[in-house]
Structures are given as C-alpha cells and as structure tokens.
Amino acid sequence: MDMIVCIKRVPDTAESDVKIDSSGRDIDHEGLAFTVNEADNYALEEALLIKEKLGGTVTLITMGGRESDDTIRMGLAKGADTAIRLDDPAFAESDGAATAKIIASAIKELQYDLILTGCMASDNGFTQVGPALAEILSIPHAAMVTKTELKENKVRASRELEGGLLEVLDIDLPAVLTIQTGINEPRYASIMGIAKASKKEIALKSMGDLGLNENEVGQKGSKTRIDKLSLPVQDKIAELIPGTPEEASEKLSGILKERGLV
Amino acid sequence: MKEIFVLIEHRQGKIRDVTFEMLTGANKLATSIDGNVTAVVCGSDVGGYVEKVAGWAHKIIAIDDSKLKDFNADAYQQVLVSLIQAHKPYLTLIAQSGFGSDLAPSLAVELDYPLATDCYDLQVDGGALVALRQMYGGKVNARVFFNDSPGIICTVRAASFPPEESNLTAEVIKTDSPLTEEMAYRQFVEYVEAAVGDVDITQADILVGVGRGIKDKDNIPMVQELADALGGVLACSRPIVDAGWLAKDRQVGSSGRTVKPKLYLAIGISGAFQHTAGMKAAETIIAVNKDGNAPIFGIADYGIVGDLMKVVPALKEKIKALKAS
C-alpha cells in the first residue's frame, strides 16, 4: 500500500493571544510556537498503522519554507519513508484551491494507492484541500474520516457527521481520505527514529520543477483573497470576576447561590 | 436578477435546521443584490421536503431519484454541476457540515468557481459579494473577496442566520435527474448511530466541561471533584475525547451532544465554534480560562481569567463550605 500524507506546519494558537499583522492578511507570527497541524498528525499515524498492517511506503508532502523541515523530520522519525517539500516564493498566499493544485502537481508524478490529509488546518480552517486534491487527480474522496478499513482495492471509511452519527461508505482506491482528529493515538518519535530521520534527504520542488507558472499559484492563481482580518468583537462580554483564585471563587460561589444553583 | 441556489440538506428523512438558516441568509442577501432564492431539493420521494421549504424560497428545483436518497458527495456533485451549468446561479450555498464539507471543495474545482467555507455572514461591498469567516479556531475574523467568476460557492456555518420564514410560495420545478448509473466508485453502506454510553449528559442540570487547558489526564479528577461538589456531571470538549481521556458520551459540541443545562461551567475551554454550538443555550454559563481573549468569554455570563489549577480546587472548597453551612 503506497501512501502519501500531506502535512502542514501551523502556529499553535490554541492557548495564545493572537495579533493581526501589519498587512491585515494574517496574524503576527512573532512569539508563536509552531507544530504539525493536529489533524495531519492523525493522518500520518493512520498511514503508519496501515503500513504496519499491510506493508508499503509512506511519503510526506508539505508545502512550505525551510522552517517546515522540522515538521517533516518528525514525520520521518515516526516512520515515514520519504519526504518532498514544495517551496517557492510564488506559492505564498495561495488559497485552498491553488494549494490543492500545487500539491496535485507533485503527486501526479508518484505511484500511490491512498492519499491521507488532515480534514482541516487549524490556521485557516478551510476543510478544502483534501477533496479539491481528489477532484484535480480525478480520484474519489471521503472527508471527516474517523475509521478506515482497507479491503481488496477499496477502503471502507466511516465519516463523522453531526451528533456523532457515522456514515459508512466503500471507496475504490486510489482515493483521498481526509482524517478527523481522534481516529487513533499518534505515536511519539523514538530516539533512533529521530537519528535516522536526520540523515534522510528531503526532496525539494519549486514552481518550475512542478511545471507550474506564476499565474497558477499564489495570489495570482487564486480566485479568493483573504483580507481585513480583525479580532472578533464580543457582543456580550462575560462579567469577569477579579481577585485571587480564592477571592474569585468566593465571589463566584456567592453568585451561584444567588441564582439558586447551589 | 441574480439567482441564489441553496442546497437543501436532509438526513435520514428529515431536513436539517441549517437548511432553514441558509434559506434565511439567502433571502436576506437577495434583497441587497436584486436576487431570488432557489431551493435545490434532491432526494428520493421529495414531496415532503418540497412542502417544508415552499415558504422559504422563490423557486424550488426538485429532483427525485432513488440514487439521491442518502447523501453521496459524488452523486450530489454530478447533479449540482448539471444544475449550475444550466441555470448559472450567482451564488450557491451549501451547509458547512459533514455532508457539505465533503461536497463543496470538489464541486468548486469541477466548476472552476471560487469557494469560501464555513462562512458566518455574507455581505455586499461595492457591489461585490464578501464572505465573512473565522480563522485560528475562532480567534480571528476574516473577509473573503472573490475574483470575477461566472458563479461563487459558499458553505455556511450552522446557527449563523436565525431562521425566518419568508412570505413566499415557491414555484416548484420538477427536474429530471442527470444521474444515469449508481456511483460505482463510492458506495453508501450504512449509517451507524453514536454509541450510547453510561452517561447521558443531556439530562444533567449542571455540567462541568473540561477542555484542552486541563493539559494532563491526571488533572481531570480535580475537575470531577468540583462536579461532584456541585452535584453535576463531568463533560468535555473534543480534544479530551481525541486524547482518550474521557469517553465520547461526555463530549459536548457539534460532533458530540448538544446540551441545555441550568449551569455550564467551562474549565479550560477556549470556546471554539464546534464546542459552543453544543452548549451556548445553557441558562448560565461560567468560564475559567487563563486567556482573557478566549472566545468562551463572549458567550459566558461570568468568567474568571486565571489558572484553573488554582481556581478549580478553590471553587470546590467554597461550594462545599456553602453547602455545609
């Protein structure tokens, strides 16, 4: 089973303050820690589990600059076999569809049975690249997958719907599956894995290498443009209870009592 | 006259609420762009669906085909491509849902139309459509601008438009299904209901929800003790279930349970949309989070900005003392 896993390096904003940068088109990256996109990490683990069970190879693909190499090496350390990084200044500010086009250009040269991506990137939240990629490659797809079962030339995928209902379907391979968080338990890289990975070569592809021109990528190649980022203004703001944990808890328990909740 | 298509979303024979919300949003937008709203109803035996949306759109395109009975991204994509190419609507709205997110991105590529996903509002700016959506887990709002294109596709976030029926009587246009064969390479097998666990959090008056901010599985018992002191039930956000720290039946949110308790105490929960969608109807919401800008404080009644490792035990003691007195 030859598999491709698309991974992305994203800022970890779950517990940080964010600030809009001077362009108004993204947040300020200063002081933020970066990590592999969570859903992509689950996608990688799913590929590694399938590889352990059925044999095969796992190739990582990332669109990003040199700083993405850390993320890629972590993936190699966990057990991916090869990696390709797609890097070109012209790729900057590509929208979801343009990103899918760039990744598809790299993938179409490769032999694969299954492509896994995370269902959503935690930075832009598009949930777009996986299904768009499938369409460009003319292969079937399923999004929001929480369980995979490989069968002869097919995969039985369970998709997660609202309220926890699962939609089970059979899809012919090759296919793209976008993976939901929680599908498995991602492993940590071993020391030996990290050592081996540091020696592996990461193939680099530029716009020219992929046979693309500047009208197909970046802002020029995008039909949508994100701009005028702003911090949400809360319509209603919670009454914040000041003081030390002791003092605030005291006041809060009083409020709960007044409301008949204690 | 600009036409706005709204894809009716149904599941297991019922139209989902997001459909009426989208129709409301479409009608609202239609007034700013000299537009009309067309509900696209695909399914098997669609008479019931058509009746339900008749008051919400100017026109209904109804396609009855047993192959459309259950959602299938490939089948629905084929139908929509055929309809969109025939009618050339200015805008097509699809829900940002398990179904919609499987369909819209590939549909947009096939049509070569721009796509904005998970939009919470649609506005007109200088005569052009602008879609509003969020990024970074709800911490940032963004405006999406579209290049000139024969049409635009947007997926719409649930609960963005409070549903309001228009005083319309839709003209129903029955259209033949363009599908000629079963979808060979993608077959629907079955639906599987979420497993019923030991706990039914939808029945609890008091819920204490724990989120990512708890950082470690070993910190959860402390929150359980607070829940016990309050006489409430422990619940959680998705990351806690993903990590395997609590069972899925305790998950509050769009892919978990929707709850309406008298009190929801959110501990270390940032308040991303997928979670708040499941609990914002609680009567009283209290949040404890170390980030004063966390979106949860936008829906909470009261909040404590602080270290939950200190606040939770302190609160437990105060509650116990109150109950003892």
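The following conversation goes through some features of a predicted model.

Q: What should be known about the model and its numbering?
A: This is a predicted model, in which local features need pLDDT of at least 70 and side-chain atom pairs count only at pLDDT 80 or more, while totals for chains, interfaces and linings use all residues. Residues are numbered from 1 along each chain as its sequence is written, chains are lettered from A and ligands numbered from 1 in the order in which they are written, and side-chain values use heavy atoms, with hydrogens and water left out.

Q: Which helices are H6(A) and H8(B), and how do their axes cross?
A: H6 covers residues 245-258 of chain A and H8 covers residues 308-324 of chain B; their axes come within 8 Å and cross at roughly 45°. Helices here are DSSP runs of H or I with at least four residues, and strands are runs of E with at least two, numbered from the N terminus. Axes are lines fitted to C-alpha atoms, for helices over the stretch in contact, and angles run from 0 to 180 degrees between N-to-C directions.

Q: Which residues of H6(A) and H8(B) meet?
A: From H6(A), the residues include A:Leu252 and A:Leu256, and from H8(B) they include B:Leu315 and B:Ile319. Contact means heavy atoms within 4.5 Å.

Q: What covers the buried residues of H5(B)?
A: The cover includes H6 of chain A, together with strands E13, E14 and E15 and helices H6 and H8 of chain B. Among the buried residues of H5(B) are B:Met222, B:Val223 and B:Leu226. Just after this helix, B:Gly231 takes a positive phi of about 75°.

Q: On to B:Asp121: is this residue buried or exposed?
A: B:Asp121 is buried, with a relative accessible area of 15%. Buried means under 20% relative accessible area, exposed over 50%, and partly exposed in between (1.4 Å probe, protein chains only). B:Asp121 lies in strand E7 of chain B, residues 115-125.

Q: What does the side chain of B:Asp121 make a polar contact with?
A: Its partner is the side chain of B:Gln123, at 3.2 Å. A polar contact is a pair of N or O atoms within 3.5 Å; within protein, one must be able to donate a hydrogen and the other to accept it, and residues adjacent in sequence count only if both atoms are side-chain atoms.

Q: And where is A:Asn213 found?
A: A:Asn213 is in the loop between strands E11 (202-205) and E12 (224-230) of chain A. A:Asn213 counts as partly exposed because its relative accessibility is 37%.
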